[in-house]
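Colleague: I am new to this structure and would be glad of a close look at a single part of it. Please take me through that part slowly.

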Amino acid sequence: MESIYWVLAWACHRKCRHCYEDRFRPYVRGALEAVVAEAERNAPKVIANLPPEMTYLDLNDPRPDGTLPRKTGRIILSGGECLMDPVRERVTYPVIEELAAKYRDRGGVKIIVQTTGDLLTPAMIDDLLRRGVWMISVASIDDYHVGLEGEAKQQAFIASLSALFEAAGLRRSGVATTHRNWLDEPGPLYSFFGASPDAWIGKIWPRGRGWQNGLSTATLADNFCARWSGAMNFLNHGYSGSEVSIEPDGSVYPCCLKTKLPIGNLTEEGLIEILDSLAGDPVYEALNAGQPQRMGLSYGWSVETFLEKSRTTDPKGRPYANLCIGCDRFHEEVLKPRIEAAAVRRRERRVAVA
């Protein structure tokens, strides 16, 4: 498939007010050990259940004869902060090594390490490159990250890190352009982005601390499902556009925002098995089409009903409406039994085959 976004561990050295996940925060002593041990314990099981190949047919780049080129997909390793101690040595580096080994003779994989960037050192960059990382992506270029408020501070930070990257032999990627050809660039690369107003996450997802702090400015017109990192095309794992998100416990979701409930768990079953079990299901086909407002049609939820369920009051007491809210309520009120039943059917098939 084209892309997997894997949250390796909950630990982070920051507690940003716009973060989409409250579990991303500093942990100390026993609590830190618990979240690192969870990641350490589950990572090998997740890797075993990832697709046998990380390749895909690119619908956006057909050859002159109409055939589709097969390209190498990517796995984005993130957090939290996956380069902080002790996550870096106990989880991130071993995962990079295992992924590189798994796909070395199966078409390869482009490994991206996503970081806030403020912990990076020349030694860490060398460690990542030596393990075959294709891109280091710095995801903190916005006013929400303490110490980076304002254009001047952000540009100084970018210049400082760019010098480190260039000295190590990385090149600035075209990720900020409107074209897709940056995906075909030879590595190693580096990139910068953040929750700036012009970014695809600029309106802030109605999740986590961003939601609790009343920062989301999204409306019904902002369909996160149909944007990159939304659920659109997640079922089409053989083709471009397919991405899923994985949590440290192995839970897998059709979008980075995360639906209210996971679609399965990669410590127990294969990702392709999970996705194929949902193909044809009208609920998930609606998400796959980037039309969450249609996910309840087979359950008596009209589009009008879904839109009404998408209305709420935010934690600051203001009227708010976004399709993610309707999706959450559909999961809470209707979908949970169906997800559990699908998991049981997959388990029964595995037992029968065994």
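Modeller: What follows is about a pair of helices, with a short look at one loop residue afterwards.

This is a predicted model, in which local features need pLDDT of at least 70 and side-chain atom pairs count only at pLDDT 80 or more, while totals for chains, interfaces and linings use all residues. Residues are numbered from 1 along each chain as its sequence is written, and side-chain values use heavy atoms, with hydrogens and water left out.

Helix α1 covers residues 29-48 and helix α2 covers residues 87-103, where helices are DSSP runs of H or I with at least four residues, and strands are runs of E with at least two, numbered from the N terminus. Their axes come within 10 Å and cross at roughly 5 degrees; axes are lines fitted to C-alpha atoms, for helices over the stretch in contact, and angles run from 0 to 180 degrees between N-to-C directions. The two helices are therefore roughly parallel to each other, a term for angles under 35 degrees.

In contact, meaning heavy atoms within 4.5 Å, α1 brings residues including E33, V36 and I47 to meet α2 residues, among them V87, R90 and L99.

As for the loop residue, D222 is found between α5 (208-212) and β9 (243-246). D222 is buried at a relative accessible area of 7%, buried being under 20%, exposed over 50% and partly exposed in between, with a 1.4 Å probe and protein chains only. Leaving aside residues up to four places away in sequence, D222 touches K203, T217, R227 and N322.

Notes
Angles under 35 degrees count as roughly parallel, over 145 as roughly antiparallel, 65 to 115 as roughly perpendicular and the rest as oblique.
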